[in-house]
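Good morning, colleagues. Please take a moment to look at the sequence and the structure on the screen before I begin.

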Amino acid sequence: HEVHENFEKMGLMGAAPKVDWAKMQAYKADVVSGNTKGIEFLFKKNKITWLKGWGTIPAAGQVKVGDDLHQARHIIIATGSEPASLPGVTVDEVNVVTSTGALTLPQIPATMTVIGAGVIGLELGSVYARLGTKVTVIEYLDVITPGQDAEVQKTFQKILTKQGLHFILGAAVQSVTGTTTTYKSRTDGAEGSVTADVVLLATGRKPYTAGLGLEALGVEMGPRGTIKTDAHYATNIPGLYAIGDAIAGPMLAHKAEDEGMALAEIVAGKHGHVNYAVIPGVIYTTPEVASVGATEEQLKDQGRAYKVGKFPFMGNARAKAV
């Protein structure tokens, strides 16, 4: 995208490169494999036994993997999340995909419909837009990136629109037939439809706890399928804890990592703690959007005094050079 859009005006001349999709996918797979193998190495280095298989929790202090039963004083559920579904939409990971299928499409589609203007939808939508796909984003609410600072939302949408993304806001998706998405306007009830090569369902994620045996165990659950925990990540079952996407809070890798470290301290008899007020979030589009702490709207709701500081990129020498 940089080569096509900016190189020439910076004096970098030459034929624009073409995308070798298979090679790009192979490179991505190689990077992912390197990262997961790195964790495998850390397991060995720290003498962590890796049991491969489907784990269930038949009783407090027990984990069953295959036919083997393991006893443990502390059990920590860190099973992460999976894409959330939508009524009237059937995912086949070929024509209608979640983020999983969107990362392994056989070719770059000419057109794509993204359902949901949250982080995942915009990140993947903008990746394909930069690769030349015509992207249409359908969002239920009247704003993109729900929960983000209002001024950031507006500016961000302008930037993405300039990059070629088309937004249909305040629209409730009714169904997806083949690759045609039908939606209804929330203001006047008018119906519309968009047909594309691929439909990406990006309506958020939900905790992945299926098959663990939590119901039979009597584990208390929270809203939207989360596992209910106290301030020390303990569930209502003695010795059973949960962290990360499986519990309440933002579904961010670094939030889960912080909770993992805090809980390791707690089970070791020390005092683990996570300061949730300062967990940063980044949307990996181009440009990236970063935030930390409360938004202006949240501070208004809390009735707190605050100051607004702004600095334009045009006044930053390095930003201009870039």
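I shall discuss the sheets and hairpins, then the nonpolar cores, and finally the pocket and the cavity.

First, the conventions. This is a predicted model, in which local features need pLDDT of at least 70 and side-chain atom pairs count only at pLDDT 80 or more, while totals for chains, interfaces and linings use all residues. Residues are numbered from 1 along each chain as its sequence is written, and side-chain values use heavy atoms, with hydrogens and water left out.

Let me start with the strands. Helices (H or I, at least four residues) and strands (E, at least two) are DSSP runs, numbered from the N terminus. Two strands are said to pair if DSSP finds at least two bridges between them. As general background, strands of a sheet pair through backbone hydrogen bonds, either parallel or antiparallel.

An open sheet of 3 strands has the order S1-S2-S3, with antiparallel pairing. Its edge strands are S1 and S3, each of which pairs on one side only. Between S1 and S2 there are 2 bridges, and Gly55 stands opposite Val65 in S2. On the other side, S2 is joined to S3 by 4 bridges, and there Val65 has Asp68 as its bridge partner. S2 and S3 form a hairpin with 2 residues between them, and Gly66 in the turn has a positive phi of about 65 degrees.

Further along the chain, strand S10 (residues 171-177) is joined to S11 by 6 bridges in the antiparallel sense, with Ala172 opposite Lys184. These two strands form a hairpin with 2 residues between them, and Gly178 in its turn has a positive phi of about 65 degrees. S11 also pairs with strand S12 (residues 191-195), antiparallel, over 5 bridges; here the partner of Lys184 is Glu191. The hairpin of S11 and S12 has 5 residues between the strands, and Gly189 takes a positive phi near 75 degrees.

Which residues of S11 lie on its covered face? They are Thr181, Tyr183 and Ser185, whereas Thr180, Thr182 and Lys184 form the uncovered face.

A parallel pair comes next. S7 and S8 pair in the parallel sense over 5 bridges, and Thr111 stands opposite Lys134 in S8. Because 4 of the 5 residues of S8 are buried (under 20% relative accessible area with a 1.4 Å probe, protein chains only; exposed is over 50%, and partly exposed lies in between), this strand is largely enclosed by the rest of the structure. Thr136 belongs to S8 and, at 8% relative accessibility, counts as buried. Leaving aside neighbours within four places in sequence, Thr136 is in contact (heavy atoms within 4.5 Å) with Met112, Thr113, Val114, His166, Ile168 and Val194.

I turn now to the nonpolar cores. A nonpolar core is a set of buried Ala, Val, Leu, Ile, Met, Phe, Trp, Tyr and Cys residues joined through side-chain atoms within 4.5 Å. The largest has 23 residues, and those with the most contacts inside it are Met112, Leu122, Val137 and Leu200. The elements giving two or more residues to this core are S7 (111-115), helix H4 (119-130), S8 (134-138), helix H5 (150-162) and strand S13 (198-201). H4 gives the most, with 4 residues. Leaving aside neighbours within four places in sequence, Met112 is in contact with Leu105, Tyr128, Thr133, Lys134, Val135, Thr136, Ala196, Val198 and Leu200. Apart from this core lies another, of 22 residues, among them Val219, Ile227, Tyr241 and Ala242.

Finally, the empty space. On a 1 Å grid over the protein atoms alone, a cavity is a set of points where a 1.4 Å probe fits but cannot get out, and a pocket is an open set with protein on both sides within 12 Å along at least five of seven lines; lining residues have an atom within 4 Å of a point. Grid points are joined across faces, edges and corners, and a volume is the space filled by probe spheres set on the points.

The second largest pocket holds about 1400 Å³ of space. Its lining has 29 residues, of which Phe43, Ile48, Thr49, Ile76 and Ala78 lie nearest the centre.

The structure holds 1 cavity of 30 Å³ or more. The largest cavity has a volume of about 60 Å³, and its lining includes Pro83, Thr98, Ile120, Leu200 and Arg205.
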